[in-house]
Structure formats: structure tokens, C-alpha cells
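Here is a request for a close look at one part of a structure, followed by one connected answer. The reader may wish to have the model open while reading.

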Amino acid sequence: MKDSLFVYSEEFLNYQFNQHHPFNQLRVKLTLDLLKKMGKIEDSMIIPARRATPEELALIHDQKYIEAVQKAGKGELGEEEAGNYGIGTEDTPIFAGMHDASAALVGGTLEAVDAVMTGKAKHALNLGGGLHHGFRGKASGFCVYNDSSVAIKYMQEKYQARVMYVDTDAHHGDGVQWSFYDDPSVCTLSLHETGRYLFPGTGNITERGHGAGYGYSFNIPLDAFTEDESWLDAYRNSFREVIKFFKPDVIFSQNGADAHYLDPLTHLSSTMEIYKEIPKLAHELAHEYCNGRWIAVGGGGYDIWRVVPRAWAMIWLQMQNEIPSGPLPQEWLDAWQDQSPVPLPAGWEDPRPLYKPIPRKPEIEEKNAHTVAKALQIIRQNQMTKKNANG
């Protein structure tokens, strides 16, 4: 068994809405190239992605929606029908071959699932995945198919797994949450910027699940301009408590890198410090609760030059029990600087200070601490309810 496997396909780069769209999968190639130029990944550690089949996509997505995406990618879908399915919008424009490109992202995540659940590797990483906004019959927020939801359903049916889904994207993981909102064998935990000012506007602490799934959905909406210390306190405290409560067979983590201060689409104020700690804790808890089983995917992240390659490389390096520091490889900087519209970072750490002091820092920290406390109270209520039910 290998410790870790990295899923990659050049087809990931075909998932491109247009040249000016903020979602750009070049970031996956940038990350892999950074790891290669560090000498931290070998060809034997990389496995190819495949395209998910229509039957696999139908584990979550409606058949008519899949057919609409196929038609859209061939230029055969009318404008009105496309609008009904959430495609052809400003966020999720139609592009040639969109079904095949989207299916490759899903298939990459399924390859990661099989690698871990069959014992081929303890951990697997598909940075092409993490498209967590897609719904059963509708595209949303740059996401055509929801690879995370498909992969979790796939794990349930093929491996009978209890799955803990942890989402640290700045945008709430709404598509995954709603897919399993009434399912007690999937526990979702999302830490995100409050939806008061940010898409998709959901992820309130009161969203706790429905029916048999009530008490298995956890949300930590963080205030705008949240900084490292407060963000990490919320992450550590909530993750540890939720996994202790749920006791999953496998951790599935979505690793959006858009909570960083430099991200152009969000309003949080974290630095690279949180991206060292996010995979470190996931790795630790995977070994503590899941015999090491940990599947990680990408997600948001729209500063593809200064933030995403460093943040995502840290996931792979943590899977190898390494935490990088110091300068980035000069060979990587030389290879990409001419293409970058901004100066590339010289090292793994951000410069200090990265930004001016946040005026409301104590108020923001107090509000976030109160949010986490309320979430932990829900967990304790769940434990009490289960205890009473068991007599």
C-alpha cells in the first residue's frame, strides 16, 4: 500500500468557461509542477483520471440534466432550456465539450475514492475536484457536476461507508449539504464566510439536517475579515468535536483555497498559515478515527498564482508528513513568472504584514467564538438525544 496517490489528467484543463472566467484549472497544473520541481512527487504516485459514466453521474444528478449538459457541450441546447438547468449563465457559461470535461473531474474523484477504499493507498488527492455547488438538476457557482456528492454516494453504495465531509472553502458547501441533508450516514461540516455578503447565501448555523439526518449537518459561518487565529480556533474545535461525535469510516475533505486575504472573490483575511494547518489536522484525525482513510479534493481558489499552488501543494506534502518552509524552487518561479500577471511569491510563508490591521478584530473573534460554541452545543444535544434513545 502506498501512503498517498495524486490523481491528474490534462483533461482537467478543458474545464474552462472562457479566458476571462475566474475559475481556471491551470492552478492544478501549477501545483503539480511545483511538487515536481521540489522533487516531492514521482510518476509512480500519479494515477490518471477517468471520465465518470452517465450511470455514475446519475447517483446524484437527474438524467434529464445530464442529457442537457451533453447537448450544451455540443451546441445543441436552446437558451431557454439551458437557463432552466442553470447553464449558460454568467457564473456557469456553456463551453464546448463541457460534459466530457466535467465528467473527467468527477471521474478523478472516483479514482481517488477507489484508491483509498480498496486499500491501494491510505490517502488520495484530486485537486481537479471539489465542485461543491452543483445540484441534482442544476448547475451553480461554476460547478456543472458535483463530484463530491457523486463520490460520497458512490462510497455509500459500493463500500457501505459512513462519510464525514469537511469543507473549508470560503463559500458554503451547499450542494453537498443538500444532497445528504436527510441522511444520518453522512455528516457534513462546512466552515465558510457568512452568507450575508457572499454566494451562495446559505450555511447558517440553524441548517442542521432534516428527518433522520437531523443533527448531522454542521455549519460554522465566519464573519467577514476573519483572520488566522480565529479561523483556526473554529476549525480545530469544530472538527475535533464533530468527528468524535460521528466516528466516520473515511474523511472526505474539500480544500477550497479562497479564504486567503488575496482571493479576489471573498472577504476573509487568512494567510498561508491556515493552509499548513488544514491538512495537518485532517491527516491526524484520519489516522485517529479512520485507519488513515482520507480523500481530499480541491475547490475554490481564484488567486491561482500567489495562493492556490502553495496552499494545495501543502495538502500533498502533509500526506507525506512534510510541512514546507523557506523559499520556493527557483526553477518553478522561472518557469511561470512570465505567464503570471502578478509577481510570484518567493517563499512558502506570506510576507508580514500582508495587510493593514483589521479594525474590528476583537468583535470578529468574539462573534466567531460564539458561533462555534453554539455549534458545539448542538453536538452535545445530539449526543444526549442518542444516549436517551438508547436507554
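Q: I am new to this structure and would like a close look at one place, the packing around H10, before anything else. How do H1 and H10 lie to each other?

A: A word on the source comes before the reply: this is a predicted model, in which local features need pLDDT of at least 70, side-chain atom pairs count only at pLDDT 80 or more, and totals for chains, interfaces and linings use all residues. Residues are numbered from 1 along each chain as its sequence is written, and side-chain values use heavy atoms, with hydrogens and water left out.

The axes of helix H1, residues 26-38, and of H10 come within 9 Å and cross at roughly 55° (axes are lines fitted to C-alpha atoms, for helices over the stretch in contact, and angles between N-to-C directions run from 0 to 180 degrees). H1 and H10 are therefore oblique to each other, given that angles under 35 degrees count as roughly parallel, over 145 as roughly antiparallel, 65 to 115 as roughly perpendicular and the rest as oblique. The names H1 and H10 follow DSSP runs numbered from the N terminus, with at least four residues for a helix (H or I) and at least two for a strand (E).

To follow the packing along the chain, begin on the H1 side, where Arg27, Val28, Leu30, Thr31, Leu34, Leu35 and Met38 take part in the meeting with H10. On the H10 side, the residues that meet them are Val308, Pro309, Arg310, Trp312, Ala313, Trp316 and Leu317 (contact means heavy atoms within 4.5 Å). By class, the contact of H1 with H10 has 11 nonpolar, 1 polar and 2 charged residues, where Ala, Val, Leu, Ile, Met, Phe, Trp, Tyr, Cys and Pro count as nonpolar, Asp, Glu, Lys and Arg as charged, and the others, Gly among them, as polar.

H10 has a further helical partner in H9, for H9 and H10 pack at an angle of about 30°, with their axes 9 Å apart. That angle makes H9 roughly parallel to H10. From H9 the contact draws on Met272, Tyr275, Lys276, Pro279, Lys280 and His283, while H10 contributes Arg310, Ala311, Met314, Ile315, Gln318 and Met319. In classes, the contact of H9 with H10 has 7 nonpolar, 2 polar and 3 charged residues. Arg310 of H10 takes part in the contact with H1, and Arg310 is also listed in the contact with H9.

The two helices H9 (272-289) and H10 (308-319) also border an enclosed space, since each supplies at least two residues of the lining of the largest cavity. A cavity here is a set of points on a 1 Å grid over the protein atoms alone where a 1.4 Å probe fits but cannot get out, and lining residues have an atom within 4 Å of a point. That lining is made up of Thr168, Asn255, Gly256, Ala257, Tyr275, Ile278, Pro279, Ala311, Trp312 and Ile315. Its residues divide into 7 nonpolar, 3 polar and no charged. Tyr275 and Pro279 belong to this lining, and both take part in the H9 side of the contact with H10. Trp312 is another lining residue, and Trp312 is among the H10 residues that meet H1.

For comparison, consider another helix pair. The axes of helix H5, residues 98-117, and of H6 come within 9 Å and cross at roughly 35°. Leu105, Val106, Thr109, Leu110, Val113, Asp114 and Met117 of H5 make this contact with Asp147, Val150, Ala151, Tyr154, Met155, Lys158 and Tyr159 of H6. The residues of the contact of H5 with H6 divide into 10 nonpolar, 1 polar and 3 charged. Beyond helix H6 (147-159), the loop that runs to strand E4 (163-167) holds Gln160, whose phi is near 50°, a positive value in a residue other than glycine.

Other loops deserve a glance as well. Phe199 and Pro200 are joined by a cis peptide bond with omega about 5°, and Pro200 sits in the loop between strand E5 (186-193) and E6. Thr202 has its place in the loop between E5 and E6 too; leaving aside neighbours within four places in sequence, Thr202 is in contact with His172, Asp174, Trp178, His192, Gly195 and Glu207. A cis peptide bond also joins Arg352 and Pro353, with omega about -5°, and Pro353 is in the loop between helix H11 (330-336) and H12.

Terms used:
On a 1 Å grid over the protein atoms alone, a cavity is a set of points where a 1.4 Å probe fits but cannot get out, and a pocket is an open set with protein on both sides within 12 Å along at least five of seven lines; lining residues have an atom within 4 Å of a point.
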